[in-house]
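Trainee: Could we go through this model together, one question at a time? I would like to hear the reasoning before each answer.

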Amino acid sequence: MSMSSFFLHRDTSEIIINSIYAPSRSLSKDDWTSVLKLSTMWLFDSIREQAVTELSRLIRDPIERILLSRSFNIASWIEPALISLAQQDTIGPTELERLGWDDAAKLFRVRESVVFREACTCVCSYCTASHGPVAQGHPSSGPRPAMISVATLRRSYDFGPKIREVFGT
């Protein structure tokens, strides 16, 4: 390890100081990521919590949340981010590559575990897309929606239990 790795870059030290003494000052996502890295390394729990809170506000991309949560052990981010990915209509190859092929395979296992076809629970000819016994499309009484699609059912389905089973979260 080189001697220079023991010293902070001037900008990094200013970011840490600002996060402690001027937390209302607007820091960028990269700044808060630096704060998270150093507060984790130095076991500054209250500063780390503040960094996680700020990054929760700044980072909306589920894959970015998963990658950051794994790097810095933010367990509370993983399951909601995986659920968000499972509920998406499509997941592109770039997203899958960023996620990693092992996790991508697990995610597809979760997504494909729910059947949105064959046994329609409402037994009607109204549905534009039939839905399976695990996910109900529309209520048996009351007004029916204009259209039920697999994408609509996927967005409203709770993938949490299956994600916990497959990913062990």
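Trainee: Is M41 buried or exposed?

Mentor: Keep in mind that this is a predicted model, in which local features need pLDDT of at least 70 and side-chain atom pairs count only at pLDDT 80 or more, while totals for chains, interfaces and linings use all residues. Residues are numbered from 1 along each chain as its sequence is written, and side-chain values use heavy atoms, with hydrogens and water left out. Buried means under 20% relative accessible area, exposed over 50%, and partly exposed in between, with a 1.4 Å probe and protein chains only. Because its relative accessible area is 52%, M41 is exposed.

Trainee: Which residues make the nonpolar surface patch of about 300 Å²?

Mentor: Such a patch is made of residues with over 30% relative accessible area and no salt bridge (a side-chain nitrogen of Lys or Arg within 4 Å of a carboxyl oxygen of Asp or Glu), and nonpolar side chains (Val, Leu, Ile, Met, Phe, Trp, Tyr) are joined within 5 Å. Areas come from the Shrake-Rupley method with a 1.4 Å probe, and for residues only the protein chains shown count as cover. M41 belongs to helix α2, residues 29-41, where helices are DSSP runs (H or I, at least four residues) numbered from the N terminus. The patch of about 300 Å² is made by M41, W42 and F44.

Trainee: Where is L43 found?

Mentor: L43 has a positive phi, near 60°, in a residue other than glycine. With a relative accessible area of 67%, L43 is exposed. L43 is found in the loop between α2 and α3.

Trainee: Which element gives the largest share of the largest nonpolar core?

Mentor: A nonpolar core is a set of buried Ala, Val, Leu, Ile, Met, Phe, Trp, Tyr and Cys residues joined through side-chain atoms within 4.5 Å. The largest has 20 residues, and those with the most contacts inside it are L107, V110, F159, I163 and F167. Two or more residues each come from α4 (62-72), α5 (75-87), α6 (93-99), α7 (101-112) and α9 (160-167). The largest share, 6 residues, comes from α5.

Trainee: How many residues are in the second, separate core?

Mentor: This core includes W32, A51, I59 and F72. F72 is also listed among the buried residues of α4, and what covers those buried residues includes α2, α3 (45-58), α5 and α6. The size of the second core is 13 residues.

Trainee: Which backbone oxygen does the side chain of S69 reach?

Mentor: S69 is found in helix α4 and is buried, since its relative accessible area is 1%. Leaving aside neighbours within four places in sequence, S69 is in contact (heavy atoms within 4.5 Å) with I74, W77 and I78. At 2.8 Å, the side chain of S69 reaches the backbone oxygen of I66.

Trainee: How far apart in space are S71 and K37, C-alpha to C-alpha?

Mentor: S71 is placed in helix α4 and is exposed, with a relative accessible area of 54%. S71 and K37 are 34 residues apart in sequence, while C-alpha to C-alpha they are apart in space by 8.9 Å.

Trainee: What is the phi of the residue that follows α4?

Mentor: That residue is N73, placed in the loop between α4 and α5. N73 is exposed, with a relative accessible area of 62%. Its phi, a positive value in a residue other than glycine, is near 55°.

Notes. Patches are made of residues with over 30% relative accessible area and no salt bridge: like charges are joined within 9 Å, nonpolar side chains (Val, Leu, Ile, Met, Phe, Trp, Tyr) within 5 Å. A polar contact is a pair of N or O atoms within 3.5 Å; within protein, one must be able to donate a hydrogen and the other to accept it, and residues adjacent in sequence count only if both atoms are side-chain atoms.
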